[in-house]
Each structure stands twice: as structure tokens, then as C-alpha cells.
Amino acid sequence: MKEKSLKDLIFYPLFRYKWTLIFTFIGIFAMIMFLTFLITPTYEATVKILVHQNPKQQPLIFEDISTPAQESIKTDLANDFVSVAQSQEIALAIISQFKLDERLRKKVEAPEELRDKIKKAIVDVIKYPFDLLEKYGLLESKPKDYVAEAVEDFLDDALEVEVEEDTRVVKLSIWEESPSLATQIANTMAKLVIDKLIELEKQQAEIVCDFIKSQLKPVEEKYLQSLRQYELFKERWNVVSFDEQKSLKLNTLENLKSELAETLVNLEDRKKALAQVKKDIALQEKKLESLSLYQNLLKQRAQIEINIQSLEGRKNGLEANIQQLEEELANIIKRENEFTRLQQQKDIDEKVFLALKDKLRKFEVQKATRLSEFDMRIVDPAYVSEYADPDWPKLEIFVPVGLFVSFFTAIGLVFLLNYFDGSIRSIDDIEEIFVNFPLEKIFVIKKNKKLAKTKTNITSAWKKTVVDSFYALSSVLLLENKGQKVVLVTSPSKEEGKTFIAVNLAFSLAMRNQKTLLIDANPWHPSLNNLLKLPEGPGLSELLQTEGEADYIHKDVKLANLDVLTFGKSVSDFLELFLGEKFDHLLDKFKSVYDYIIIDTSPLTSYETKKILSRAERVFLVLRYGYTNKSDLLKLKTICEVKSLAGIIFNDFCEVIPFWFKKFL
């Protein structure tokens with residue numbers, strides 16, 4: 001088998017289904033244009049709002065009051081603007097002010113424009129089954145909420161809000177059915193959103209004010225309590241300067257410690273002197289050398305002991321004074337720490353109290369003014385001219401898109417039909433089923449308008465056309481004639497042109513001086529009477545039913561050497577006509593008179609054709625180009641091979657790709 005060429009893969013389907021392609025393209029494009037017509041024309045009105053922060057310190061009403069602003073706003077407030085603009089509250093305000101719900105009600109219930117009337121008719125057709133269900137109580141009926149639908153339509157279809165990239169500008173666009181309405185709604189909505197944001201900021205200020213007021217009283221009481229404790233402590237301890245008191249006590253303590261050190265030194269010297277005196281007295285008592293010396297030593301010892309006692313008393317007094325001074329100094333430090341703590345607590349409470357008072361004053365001012373931390377201004381009001389073209393739908397978009405979609409949808413449909421088409425379209429398809437069948441026995445009969453109806457007047461030009469078209473087919477019978485005169489013409493199914501082939505084959509043989517009999521053996525749809533304009537009368541069915549041998553054959557029909565035996569009257573049991581021996585005797589009788597007997601039968605699926613097939617000497621199988629299904633032919637392949645096929649006739653073949661186009665391939 002040959003591989004399929006580009007012609008088979010691409011151009012063949014396009015030219016074969018050219019009318020499908022054309023009508024699909026026109027139909028889809030017309031549908032797109034119709035749907036475009038149903039789209040209500042809308043106009044876009046755009047208003048631009050600048051959202052920026054006020055100066056770092058913005059004066060409000062009083063000179064000493066200002067509101068701090070952040071260093072960078074970026075797009076936070078702009079995004080807040082977008083969110084508020086897309087809220088249902090704003091949408092409800094617009095719906096109410098411009099009565100958009102009433103307009104929707106009028107469109108649904110009593111449309112005036114043709115576009116709306118068509119939409120209503122389409123919707124009514126779609127809703128009709130549901131209306132019946134509601135009528136009979138199988139479906140719950142719900143009242144129509146036009147306000148909710150208007151809000152939904154407005155937010156989904158009529159509103160578009162976005163922040164322009166790398167800017168603080170918010171673009172608010174409204175799509176409406178008239179330029180004036182779109183302009184009015186856009187400008188009104190921008191003002192509503194700005195007022196709403198200011199109102200929200202005021203509400204926040206009110207909430208903060210109430211909170212500050214609730215917290216201000218306990219904070220003030222705490223501050224006053226801290227202040228009283230501070231003043232009482234200061235008054236109780238007569239606090240002037242803790243540094244001077246500590247300095248005085250430290251100097252006194254240093255002096256006492258110096259005096260104590262000196263006293264300790266003197267006390268140690270006296271103790272040493274007393275020890276020496278006691279030693280001298282003990283020595284003198286042993287020697288008893290001089291009474292006066294001994295008495296002087298006793299006096300000296302007594303004096304030293306007195307001095308020692310005096311020094312001991314002085315030392316104890318100094319130590320007591322030093323301990324007292326150290327305790328007083330520690331108390332001074334404690335009082336200083338407590339005083340510092342009370343002072344810090346007082347300062348903190350005072351700052352909190354004053355800060356709350358300051359915040360309260362600022363937010364009270366903010367409640368009473370429209371000035372805020374941020375500034376929102378309409379920098380480009382919306383305006384659409386009454387003579388402007390609609391912004392949607394745009395024909396410059398819909399027409400090329402419609403052409404593109406229509407073209408490629410039609411192309412896709414064509415290739416889809418071609419993919420699922422199981423009909424025989426080439427000799428290669430026949431070779432694929434009848435493997436090893438001789439190619440020279442496959443005859444192609446091209447589509448010819450002159451041969452489309454054989455009841456055309458017999459002229460020399462018509463005769464030449466028949467001979468040229470069926471020359472090869474009749475030559476096979478003449479050249480390979482081995483006494484086989486009975487030729488059966490059949491097909492896998494009906495309407496494949498077997499009667500057309502049988503008649504023209506008989507004409508061709510008759511014009512080549514062959515005595516030919518054409519028999520109509522199709523009991524289901526006998527057609528030779530009508531095709532050859534023969535009078536209705538007895539025919540093959542009567543010959544097979546009667547005992548006599550009446551001659552019901554039409555002699556020299558249209559041409560010399562051509563006789564025709566029509567089927568005759570219809571009978572109830574077709575199969576009985578061909579089961580007996582009479583049909584065989586009849587064929588034997590005809591074979592003695594005629595050179596060729598051409599039998600036109602019903603399709604191969606019928607029982608009588610299978611019976612006749614066993615009596616035929618030569619069989620021609622007719623396949624119609626683009627009609628005979630491969631799957632049907634595969635099922636009948638074994639039946640076709642019961643008799644050796646004289647040939648396969650590829651009928652009604654036509655060149656799908658035009659001659660002028662082939663030059664470019």
C-alpha cells in the first residue's frame with residue numbers, strides 16, 4: 001500500500017467536504033454575529049481618583065493641633081478605595097439613585113427593543129419546562145428579586161475598579177447603555193466612595209474618642225495619686241537635696257573613722273606600756289631594791305590603766321557613732337531610691353495622662369472636620385460624548401475573531417468527519433480489503449452527468465459516452481469469454497449504482513453487436529420499468545410462477561440487440577421464486593438465445609441474491625465512491641469470494657481536488 005500523501009491528508013478532506021466547510025463556516029459566523037447583535041451596546045465612562053498622603057504635619061483647625069502622616073502610603077489606601085467601591089452598599093446606593101432595578105424589571109417583563117425581545121423569547125423557551133414544573137407544583141416558585149439581580153449585574157458587568165501600576169491613581173470605569181448614564185454613574189460613584197471613606201475614618205475617630213474617654217478618668221486618678229504620694233514623701237522627709245545630706249554624713253563618718261583609728265593606736269601603745277610596767281613591778285617585788293621606785297611603778301600602772309579605760313570608752317563611743325552614721329546613710333539612700341521611684345511613677349502617669357488628653361483633642365477635631373491623614377481627589381472626571389461609538393461589543397474584534405473561530409471550527413469539523421468516515425475513497429482502500437486482487441480487474445467508472453439517467457434520448461454522442469465509459473468493462477467479458485454468459489451485478493448495500501452499471505454495461509455490449517438480455521431480479525426495488533420508460537406488465541416473477549412459457553421480454557429496447565426482462569408484479573415470498581429448478585431452466589433457455597445475460601439484483605445481504613450468486617457465472621461487485629462502508633464490505637467479503645469475481649467496479653468516482661488546484665501541488 002502507498003503511504004498517504006499530503007493531498008490525501010489535507011486537501012482531499014477539504015475539497016470533499018467543501019460544502020460542509022462553507023456552510024459550517026457561514027453558519028457559525030452568522031451565529032457569532034447574531035450573538036454579537038444580542039449583546040447590549042455599552043459605553044465606558046472612566047473617572048480617575050488620586051489617593052495621596054497629606055504633608056507630614058498638616059494643620060487642622062487649631063494651630064497647635066496636627067495629624068502625623070506615614071512616611072510611605074504605597075497603595076494601601078488605593079486598595080481600600082477599590083474594596084469600598086466594589087462593596088454592595090455602594091452598589092445599592094447607585095441602583096437606588098439611578099433606578100437600575102426598574103430598568104431591569106422592564107427589560108425582563110416588557111422589553112421594547114428588538115434585541116431585548118429576542119432575548120426574552122430565548123429565555124422563555126429555555127424556561128418553559130421549568131415553568132410547567134412550577135405550574136404543576138413539582139418545582140417551588142420563587143419571586144424575582146430585581147434589586148439583588150441589579151446589584152449582581154452591576155458589580156459583575158458594569159463596574160471595573162483598578163489601581164494603575166506604579167501610581168497612586170485609582171481608575172473607576174462604568175459600562176452602561178448610554179453615554180450620559182455612564183458618565184453620571186461614574187462621577188457619582190467616585191464621590192460616594194470618597195465620602196464613604198471619610199465617613200469610615202470619622203467613625204473610627206468616634207470609636208477612638210469613646211475609648212480614650214473611658215480610659216482617661218482612671219489614668220487621671222492614677223496620676224493624681226502618684227502626685228500626692230510624691231508631695232507627701234517630699235514634705236515628710238523635708239527633701240531638699242539628698243546629695244548634700246549624703247556628703248555631710250560621709251564627711252562626719254570619715255572623721256569618726258580617723259579618730260577611731262588614732263584611738264586604737266593610742267590604746268595599743270597604752271596596753272604595751274602597761275605590760276612593761278607590770279613586768280617592772282614584778283621584777284622590783286623580787287629585788288625590793290627601792291620602795292620609792294616600786295611605788296612610782298604602781299602609780300604609773302594605775303595611770304596607764306585609767307588611760308586604757310578612757311581610750312576603751314572613747315573607742316566604743318566612736319564605733320557606736322560610726323554605726324549610727326552608716327545606718328543614717330543607708331536610710332538616706334533608701335529614701336532617695338523611693339523618692340526617685342515616686343518621681344518616675346509620677347512622670348510616667350503624667351505623660352500617659354497628657355498623651356491621652358492630646359489624642360482625645362486631636363480625634364475630637366478629626367470628628368468635626370473632613371480633613372484627614374490622606375487626601376482623595378478626582379483628577380479626571382468621567383465624560384463620554386453622546387456621539388461616541390459603543391465601547392462594547394467592538395466589531396473590529398468580533399468580526400476577525402468570528403472569522404477565525406468559524407474557519408477553524410469548520411476545518412476541525414471537516415477533518416473530524418473525514419477521520420470517522422469509513423467509506424471507500426480510493427483503489428488503495430479496495431486493495432486493503434481484497435488483498436492480492438488483480439489491479440487490472442478494478443474498474444473505475446467516473447461520475448458522468450450524461451450517464452446519470454439512462455432514459456436520455458439515444459444519440460450518437462450519448463452512445464460514444466457509454467462505449468468510452470464501459471469499454472474496459474465490456475472488453476473483460478468479450479476477451480475472457482469461455483462460454484460464461486450469466487453476469488451478475490450486485491453490491492454490498494443499496495443505492496450504490498448497481499442498476500446504473502448493469503444497464504450501461506448492457507448498452508455497451510449491445511452497441512458492440514452482442515445479443516444481450518438485461519434482467520431485473522431485484523424484488524425489493526425493481527426499477528428498470530421507470531428507468532427505461534417501459535410499460536408496466538408481467539415479467540420475471542410471472543415467468544417463474546406460471547407453467548407456461550409466455551414471452552414477457554421487451555425486444556430491442558432503446559438499442560438493437562438489447563432485450564429487457566422486467567421483474568413484473570411483486571409477490572409475497574421472493575425467495576420461493578429462485579429456489580426451484582425453473583429459474584435454472586429459464587437461464588439455460590436464455591443462454592441458448594443470448595450472448596450475455598446481465599442480471600441486476602438486490603444487495604448481497606438479501607437471501608435471493610445469495611441464491612442467484614450460486615447460479616451466476618461471472619460476478620461484478622459494485623462499490624460506490626464515498627458511500628460504500630469498509631466495515632460493511634469486510635462483513636460480506638466471504639460472500640463475495642464464493643464466486644471468483646470478474647471485477648470490482650468503483651462507481652461514481654470523481655476527482656475531489658480540482659484540476660486547476662493540482663497544478664500547485
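Helices here are DSSP runs of at least four residues, numbered from the N terminus. Keep that in mind as you click around this predicted model.

**Stop 1: helix 2.** Select residues 18–38, which make up helix 2. Now pick out phenylalanine 34, which sits in this helix. Is its side chain buried, exposed or partly exposed? Phenylalanine 34 has a relative accessible area of 33%, so it counts as partly exposed, the class between under 20% (buried) and over 50% (exposed).

**Stop 2: the nonpolar patch.** Keep Phe34 selected and add Met31, Leu35, Phe37, Leu114, Ile122 and Ile126; together these residues make a nonpolar surface patch of about 640 Å². Which helix gives the most to it? That's helix 2, with four residues. Helix 6, at 114–135, also supplies at least two residues of the patch.

**Stop 3: helix 2 against helix 11.** Next, show residues 395–420, which are helix 11. Helix 11 packs with helix 2 at an angle of about 145 degrees, and their axes are 8 Å apart. The crossing of the two is right-handed. Colour the contact by residue class and you should find 17 nonpolar and six polar residues, with no charged ones.

**Stop 4: arginine 512.** Finally, jump to the loop between helix 14 (498–511) and strand 9 (516–521), where you'll find arginine 512. Arginine 512 has 23% relative accessibility, so it goes down as partly exposed; the cut-off for buried is under 20%. Now add asparagine 561, 49 residues away along the chain from arginine 512. Draw a distance between their C-alpha atoms, and it should come out at 9.1 Å.

Terms used. Residues numbered from 1 in each chain as written. Predicted model: local features only at pLDDT ≥ 70, side-chain atom pairs only at ≥ 80, totals over all residues. Heavy atoms only, no water. Patch = residues over 30% accessible without salt bridge, like charges linked within 9 Å, V, L, I, M, F, W, Y side chains within 5 Å. Areas by Shrake-Rupley, 256 points an atom, 1.4 Å probe, with all protein chains shown as cover. Salt bridge = Lys/Arg side-chain N within 4 Å of Asp/Glu carboxyl O. Buried < 20%, exposed > 50% of the residue type's maximum accessible area, 1.4 Å probe, protein only. Axes fitted to C-alpha atoms, helices over the stretch in contact; angles between N-to-C directions. Left-handed = near helix turned anticlockwise from the far one by under 90°. Nonpolar A, V, L, I, M, F, W, Y, C, P; charged D, E, K, R; others polar.
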